[in-house]
Amino acid sequence: MQRYEPPRPIFAPYVQGKRPNYGLSPARVLVAGFALIILIGGFLLSTPAASRSGLGTRFLDALFTATSAVCVTGLVVVDTHDNYSLLGQLIIITLIQVGGLGFMTMATLIYLLMGKRINLKERLLMQEALNSLSVQGVVRLARHVLLATFLIEGIGGVILSLRFIPQMGLAKGIYYGFFHAISAFCNAGFDLFGGFRGITGYVDDPIVTLTISALIIIGGLGFTVIAETFRYREIKRFSLHTKLVWTMTVVLILLAALAVFFLEFNNPKTLGALGWDGKLLAAYFQGVTPRTAGYNTVGIADLKPATQFLMIILMFIGASPGSTGGGIKTTTLAALLAAVWSMRKGKIDVGFFERRIPPDTIYKAVGITVMAVLLVITVTMMLTITEDADFLALLFEATSSFGTVGLTMGITPNLSDFGRVLIALTMFVGRLGPLTLAVALSNNVLAKLRYPEEKIMVG
């Protein structure tokens with residue numbers, strides 16, 4: 001008599017520290033989903049209809065653009081305005097929106113519109129995609145994410161449209177306004193001004209500068225933080241995560257803006273030629289944009305080496321968890337700094353705001369940072385072998401791609417084919433996160449096995 005075996009589910013949660021050896025984990029589905037969207041986007045962008053010339057775009061270049069759009073980076077080997085037709089640009093902004101929100105969030109929108117019930121399988125995927133701490137309330141969070149995204153992008157699009165319409169006309173002004181609002185909120189950094197200029201033409205324009213920077217900041221906070229901030233009157237308190245994200249965001253922006261202001265004050269190629277208002281605006285914007293945005297109002301290659309290195313540090317840190325940005329994340333840096341401070345004080349516990357952080361969170365922060373450092377070092381080393389460019393420019397490029405920032409010192413269009421593939425892979429890893437990718441590729445059983453303890457000498 002044959003024993004009955006129930007059908008095996010595609011997804012299954014970890015039980016007692018063990019992982020089933022069948023099916024796909026949420027991490028693997030996210031990796032496969034993003035890869036599939038990139039391949040489809042690359043194919044569509046390579047078609048003749050998507051190119052301005054009507055001759056099509058080389059597939060590798062189209063795939064690079066699709067990767068940059070889905071990974072909300074902004075690095076491009078061909079200029080978005082000069083190379084792609086209206087159809088191509090619409091494909092790019094769609095990829096940016098899907099990549100910024102995450103394909104599972106977009107799938108949730110479709111499910112909600114169809115009135116379809118979201119089961120546990122989809123909830124596990126949404127938890128992974130939104131970087132949520134639990135499955136409970138993840139559908140409600142997804143609804144808040146969608147509502148907040150379209151509301152914020154809509155407000156930003158209207159403001160930018162009102163600024164662009166007098167210059168470009170009604171239709172083009174509205175199109176440019178909403179394109180750049182979506183790109184800014186998703187921290188993508190794609191622009192339509194041509195010639196790889198970015199938005200340097202608006203360096204001292206307060207409407208464009210302040211609107212885009214506000215969209216960048218909000219998009220980089222993380223959807224959980226945005227939801228809590230909107231609901232503050234109802235909940236009357238912030239979680240430790242939200243407090244930490246807001247604190248780190250404000251501190252990093254202020255320190256970065258002040259540093260750029262003083263470092264570039266007399267640089268005739270950047271802030272030196274501007275008035276006081278322009279200097280303050282430009283310094284503030286350059287303090288915001290390395291946090292994974294990719295827009296720039298001054299030439300990055302014209303900055304002083306000290307400012308460029310400062311931007312490398314900011315790009316490596318990146319935005320906050322659950323946001324549209326990359327990097328190791330602000331809370332990871334905060335956890336590391338708190339651990340160092342506790343060690344200096346001889347304390348056992350690590351915490352903020354009278355709250356203790358679990359040790360596994362510190363281990364995770366250390367692991368993410370070490371993997372990120374190794375990735376950036378490896379990519380930079382490989383670029384120094386294959387590319388003919390200054391070391392600082394190559395380090396800048398590698399960090400920008402990992403942090404999904406999109407800023408460049410001008411070497412992206414001149415990358416070799418190997419360099420383009422390498423940077424595209426780095427953007428992919430940076431968008432998903434090195435830890436998510438490591439979990440997706442790992443086959444190790446997560447057993448609760450503890451070995452005997454023995455000390456080693458460090459430091």
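1. Is T149 buried or exposed? T149 is buried, because its relative accessible area is 0%, and a residue counts as buried under 20%. Please keep in mind as you read on that this is a predicted model. To find T149, follow helix α7, which covers residues 138-168.

2. Let's stay with T149 and look at its surroundings. Setting aside the residues within four places of T149 in sequence, its contacts are Q97, L101, F185 and F223. You can also look for G219: it is 70 residues from T149 along the sequence, yet the two C-alpha atoms are 8.4 Å apart in space. This is a nice pair to pick out on the screen while you compare the sequence with the fold.

3. Next, try S401, which sits in helix α17, residues 391-402. S401 counts as buried because its relative accessibility is 0%. Which residues does S401 touch, not counting those up to four places away in sequence? They are L75, I423, T426 and M427.

4. Now for the empty space inside. How many cavities of 30 Å³ or more does the structure hold? There is 1, and the largest cavity contains about 70 Å³ of space. Its lining is made up of N187, I216, I217, G220, T249, I253, V288, R291 and A319. Try selecting these residues together, and you will see the walls of the cavity appear.

5. Which helices supply at least two residues each to that lining? They are α9, residues 206-221, and α12, residues 240-264. The largest share comes from α9, with 3 residues. By kind, the lining of the largest cavity has 5 nonpolar residues, 3 polar ones and 1 charged one. If you sort them yourself, remember that Gly is counted among the polar residues.

6. A word on cysteines. A disulfide is a covalent bond between the sulfur atoms of two cysteines. How many disulfides does the structure hold? The number is 0. Two cysteines are still worth a look: C71 is buried, with a relative accessible area of 0%, and C186 is buried too, at 1%.

7. Aromatic rings come next. A pair of aromatic rings is described by the distance of the centres and the angle of the planes. The structure holds 11 aromatic pairs. Take F164 and F193: their ring centres are 5.9 Å apart and their planes meet at 70°, so this pair is edge-to-face, since angles over 60 degrees get that name. F164 belongs to helix α7 and F193 to the loop between α8 (170-185) and α9, so the pair ties together parts that are 29 residues apart in sequence. Both F164 and F193 are buried.

8. Compare that with F261 and W276, an aromatic pair that is tilted, with 5.9 Å from centre to centre and 35° between the planes. F261 lies in helix α12 and W276 in helix α13 (residues 276-288), so this pair links distant parts of the chain, 15 residues apart. Are the two partners buried or exposed? F261 counts as buried because its relative accessibility is 9%, whereas W276, at 55%, counts as exposed.

9. Ring pairs can also join up into a group. Which residues do they link into a cluster? The members are F164, Y175, Y176, F179, F193 and Y202. You have already met F164 and F193 as an edge-to-face pair.

10. Two residues deserve a check of their backbone angles. V72 is not a glycine, yet its phi is positive, about 40°. V72 is located in the loop between α2 (59-70) and α3 (80-83), and it counts as buried because its relative accessibility is 0%. F196 is not a glycine either, and its phi is positive as well, about 55°. You will find F196 in the loop between α8 and α9; at 45% relative accessibility, F196 counts as partly exposed.

11. Finally, have a look at K172 in helix α8. K172 counts as partly exposed because its relative accessibility is 41%. How far apart in space are K172 and S161, C-alpha to C-alpha? The distance is 8.8 Å, and the two are 11 residues apart in sequence.

How values were computed
Residues numbered from 1 in each chain as written. Predicted model: local features only at pLDDT ≥ 70, side-chain atom pairs only at ≥ 80, totals over all residues. Heavy atoms only, no water. 1 Å grid on protein atoms, 1.4 Å probe; cavity = no way out; pocket = protein on both sides within 12 Å on 5 of 7 lines; lining within 4 Å. Points joined across faces, edges and corners; volume = space filled by probe spheres on them. Helix = DSSP H or I, 4+ residues; strand = E, 2+ residues; numbered from the N terminus. Disulfide = S-S within 2.5 Å. Buried < 20%, exposed > 50% of the residue type's maximum accessible area, 1.4 Å probe, protein only. Contact = heavy atoms within 4.5 Å. Phe/Tyr/Trp six-rings, centres within 6.5 Å; stacked < 30°, edge-to-face > 60°.
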